[in-house]
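Got your viewer open? Load the model, colour it by chain, and follow along one selection at a time.

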Amino acid sequence: MNMLTRLLIAGALAGALGTSAAAEDTIKVGVVQPQAGECAQWGVPITRGVQIWAEEFNANGGIADATGKKHKIEVTGYDNNCYTAGDELNAFRRAILDDKVSFILQTFTPASRQAVAEITTENKVLTTSYGAGYLGPKYPFLIGSVTGSPASYMFLVSHLLESRPEIKRVAIVTADHSFGQAALAYYKAGLAPYLDRAEIVYSQPYDPASTSDMLGLATPVMASNPDLIVELGFTPGQQALFVEAMEQLGYKGLYGSEGWTMGLVTERVPAAEVAGRIFSAYVVDASEPNFSPRVSAFYKTYVEKFGEKEWSALASVAYAAMTTIEAGIQKSSDPTGAGVRDALFASDTVDQPLFGPSRWGGSEIFGANNWLMTPLPVYVTDDKGGVKVTAVVDVAAWWNAHKDAALPALSEGGQVSAK
Amino acid sequence: MQILLNCLSLTSFYLCFALGLALVFGVMRIINFAHGEFFMIGAYATYLCISTLSPQVGGPVAWAIGAIVAAAVTGLLGLVLHRTMVVPLGDKPLAIFISTLALSYVIQTIVVQIFGPVGLSIAPPMRGVVNFGGAILPASRLVVIGVAVVLAAGLWVFLMRSEAGRRIRAVAQNPRGALLQGIRTEKVGRLTLILGSSIAGICGAAMGPISQISPYMGAGTLWKAFIIIIVGGIGNIWGAVAAAAIFGVLDTLMSQFGAGRFLALTSAAVMLFVLSVKPSGLFGEKE
Amino acid sequence: MSAFRRDLMTVCALGAALVVGGFVGSNYMLGVLVLFGMTSILVLSYRTITTMGGWSFAHIAIMGIGGYSVAILSKPPFGLPVLVATVAGGLFAALFAALLSYPVLRTRQYYFFLSTFAAGEALRQCFIQFREITGGTSGIAFIERPEILPNPSSTLEFLCLVAAVLVLLGIFYASLDASDAGLKIKAVGEDEALSSSIGIDAWALRALAFILGSFGAGIAGGLFATYNGIVSPSDINAMLMFKVVAACVIGGTTRFSGPILGLLFLTLIEEIFRVVPEFVPMIWGVFVIIAILFGQWARGRLMVWRAKNA
């Protein structure tokens, strides 16, 4: 018994002494993402993206704030199991209370963002994501750095309908989990303004466990006879299997999703057959060389470090999300969470390093204008299995023109938190 | 027609995976949680063989070599597992369960370190599609169906006709009685575990080309396999075949008619129902 | 010292250690202690279930009932005080266990843990699918801390509350263990046929252990919900279930100190190696295997030693 008590007290003391003081001019950034387990296939590339972003600055002595003083950036990854809300909060407690980070990149999953809303605001830790997901007027330190997920689904599908009037029948294939449900709502919102000339022919969510039988999943989709299929919830490998199954069933229409790993697709389906038919709208896909020289340099660094097979466009998404924080640090003379937030929100536009001037928005959906609506590049496949930019959507303009039609669909899908 | 073919191919997926587990669980009454990881290792072994050998020998041959390598590697792992965990912990099924669970974490992490956390895809060794009156069946699925049929039939013949098979059945039915008959149960356990693990490996080789391979692919499949062997009745190969067919048809129809999101709920409810009404399974004999 | 007093000492020492640790530890340490305290409630209540001879895999899902009860009852239109809702959550969990005991207690051994596994998964799927009540996969967010605390947002005060609940439940379970019913439950757990033959109602006793153990899970679930401020189906995951079972397997379930030490062991691994999160599952796995195999080896040695010295 005594030993148990002693052990516990010793543990408590070790924990108390173990907290090290933060070096003065280092900027600490936490990345809360799955680091192990099934979801690490998303979390690890995202963490690497942030690390490379930091290394780019550290190689030149650090990032300069508004006074010209340079700060090294220290990036730490924290595990959240698999975007589990309780583990998200634990990871934040570690990052904020123990490691004293000032900035955190997390998922856009609403449950995870809600779980940490209080702690980030209380400790003034600027917490961003590659998208909005959830924001609130009571939580100024919860922001969305880029248009990102899940809003990009809405802008992708609306762009496709606007630029291709021949699309009449749309199938929405989403998983029955929280990302999937958000995607379903945003896809429906993007289609809402065009329902006079196009219809949704399939929108049945599937159980993520049923993806082991792709043909079984594809058969009912094919039976609905769509011209465009928008997807969310497959892993990259599953996407390739889905395209393969649809092609085997004789599908000739278009595909859209937030992103595709084309190497996996072309292993199964000849690139020439799907050229011009597969669309994506990640925040930015660094493997495409022309959109921005800076992100394509990032792509080269990533592939050199981790190999081409380990590439995931999510790495560039995380990188892009951090460039908004970077703009804030550079404009602030006090690069803390609060100082950078003030600098970013000094005016209602931010000159985003990758996307140019972008406006803060989101109040209609979230009740707070804490979401930076960056222009959204839309990518299409070519006949060599690569991608090229087909358009850059001015998301703020589309939203202003169509929000009255889109908002009810978002509200019905449970995505609107504004009163 | 397409729906029928989908039912058939899903049944073969389920059966293929459940067979090895049915053997190990049915005979030794231990839950090898790392069975799913053996399946995953089989798929990765096939990936390595196909990506290195297929330029020289062609896809199908490389795949066949991969399947043999997969069976050998996982059979060896089964042997190691038997030596290090099953024998020392013999009378403690829970300790075996937790330590094989721990083993599955170790294997997953090692595979992540070697191949990365991002899933890979095996270039299909057999391309092409077979037509059946307007419905299609991709060649790679035909392979899985073939493998499942051969494994099930082969296992049945082995258990029913061979001397070793008879011993295995004796141990499965009554370990103490078998011991009294002079059967060395430990040896039978070793054979069973090697055989069951090899089946998992072969299954990984068969399923690899039609699914994404990832370090975590085994864990998800394991649960369904348990449901199948429980519903089918432990220690009964034909029961497993029938249960695989039941779920193959049920799951295909549910996805087809818009109830895809209730799949997990139905499977769990069916299992709970069968266990509480007839714990020996639909086709099992009473213990 | 009698077994009952040893168990009482264990929970009191643990409760005291949590509070002392809370006063001397850093802010982050507080969070770790709160989690440890709440998980201790889980493993202690789980231990009570194991005394009847069955290892349930529905414990974490049943904990979810407590969590969802607090989330729903503490918000309008009910608006109950959080602690009242927590107790109600415990009662709902016990009630659910009573209903569940009809199908699952018909099974034994492997079948018992497989059927509870299925029951837990079915329950978790219900949390996901009945969206109107449970918020679906997103769960229910912004659950308040107990109003009874002078400063609800203080983690230290919450830790004291957890320690108090832990001690109360610990005393309850220790008394149960030492009572006549508790002894009979253990007899049933060891040899059901023999117990029945001397007139013990095995079914009722097994159900009793299952229900009372689930009550503790419900309470722990309520505490988790109010501490995290959110409940969601993803929190009811197999990892936590495995952790509880592993703590009991490693530490042994004869006395209260076993599962607690097992849990301490697992928590220390997680905290020490958190700088390399990608390796934590492997390290966890290796240590668990070593602990189990070593425990088995040591027990074997002990038996040989006792036989020699007898």
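Start in chain A of this predicted model and select the open sheet of four strands, in the order S4-S1-S5-S6, where the pairing is parallel. At the edges stand S4 and strand S6 (126–129) of chain A; each has a single partner strand, so one side of each is left without a neighbour in the sheet. Look along the sheet and you'll see the strands fan a little: neighbours are turned by 20° against each other on average, direction ignored.

Now zoom in on one pair. Strand S1 (residues 27–32) of chain A runs parallel to strand S5 (residues 103–106) of chain A, and three bridges join them. To find one of these spots, pick Val31(A): its bridge partner in S5(A) is Leu105(A). Next, add helix H2 (residues 40–58) of chain A, which lies across S1, S4 and S5 of chain A. Set against S4(A), helix H2(A) runs at about 170°.

**Over to the other sheet of chain A**

Select the open sheet of seven strands ordered S8-S7-S9-S10-S11-S15-S16 in chain A; here the pairing is mixed. Its edges are strand S8 (199–202) and strand S16 (387–393) of chain A, each with a single partner strand, so one side of each has no neighbour in the sheet. From one strand to the next, the twist averages 25°.

Which strand does S7(A) run parallel to, joined by five bridges? Strand S7 (residues 169–174) of chain A has strand S9 (residues 228–232) of chain A as that parallel partner. Click Val170(A) and look across to Leu228(A) in S9(A), which stands opposite. One step further on, S9(A) pairs with S10(A), again in the parallel sense, over three bridges. Here Val230(A) stands opposite Gly256(A) in S10(A).

Stay on strand S10 (residues 254–257) of chain A and check whether its two faces are covered or open. Both are covered: Leu254(A) and Gly256(A) are buried on one side, and Tyr255(A) and Ser257(A) are buried on the other. For a helix to go with this sheet, show helix H6 (residues 178–191) of chain A, lying across S7, S8 and S9 of chain A at about 165° to S7(A).

**Colour chain A by domain**

The domain assignment splits chain A into domain 1 (24–148 + 291–374) and domain 2 (151–281 + 377–412). Give each a colour; their C-alpha centres lie 27 Å apart. Where they meet, domain 1 of chain A and domain 2 of chain A supply 16 residues each. On the domain 1 side, highlight helix H4 (110–122), strand S13 (356–361) and helix H14 (363–366) of chain A, the elements that give two or more residues to the contact. That side is made up of seven nonpolar, seven polar and two charged residues.

**Bring in chain C**

Show chains A and C together: 38 residues of chain A are in contact with 39 residues of chain C. On the chain A side, helix H1 (2–18), strand S4 (73–78), helix H3 (85–98), H4 and H6 each supply at least two residues. Which of them gives the most? That's H1(A), with ten residues. By class, the chain A side has 18 nonpolar, 15 polar and five charged residues.

Now hide the rest and keep chain C, with its 13 helices and two strands. Its C-alpha trace spans about 65 × 45 × 40 Å along the principal axes. The radius of gyration of chain C is 19 Å, which agrees with the value near 19 Å for a compact globule of 310 residues. Buried residues make up 59% of the chain.

For a closer look inside, select Leu223(C), which sits in helix H10 (residues 202–228) of chain C. Why does Leu223(C) count as buried? Because it has 29 C-beta neighbours inside 10 Å, and 20 are enough. Leaving aside neighbours within four places in sequence, Leu223(C) is in contact with Met38(C), Thr86(C), Val162(C) and Val165(C).

**Last stop: chains B and C**

Bring chain B back, and you'll find 28 of its residues in contact with 30 residues of chain C. Helix H4 (93–115), helix H9 (217–232) and helix H11 (263–277) of chain B each give two or more residues to the chain B side. The largest share, twelve residues, comes from H4(B). Colour this side by class to see 23 nonpolar, four polar and one charged residues.

Methods
Residues are numbered from 1 along each chain as its sequence is written. Chains are lettered from A and ligands numbered from 1 in the order in which they are written. This is a predicted model: local features need pLDDT of at least 70, side-chain atom pairs count only at pLDDT 80 or more; totals for chains, interfaces and linings use all residues. Two residues are in contact if their C-beta atoms, placed from the backbone, lie within 7 Å. Ala, Val, Leu, Ile, Met, Phe, Trp, Tyr, Cys and Pro count as nonpolar, Asp, Glu, Lys and Arg as charged, and the others, Gly among them, as polar. The radius of gyration is taken over C-alpha atoms; the globule rule is 2.2 Å times the number of residues to the power 0.38. A residue is buried if 20 or more other C-beta atoms lie within 10 Å of its own, exposed if 12 or fewer, and partly exposed in between; C-beta atoms are placed from the backbone. Domain bounds come from an automatic or database domain assignment. Two strands pair if DSSP finds at least two bridges between them. Axes are lines fitted to C-alpha atoms, for helices over the stretch in contact, and angles run from 0 to 180 degrees between N-to-C directions.
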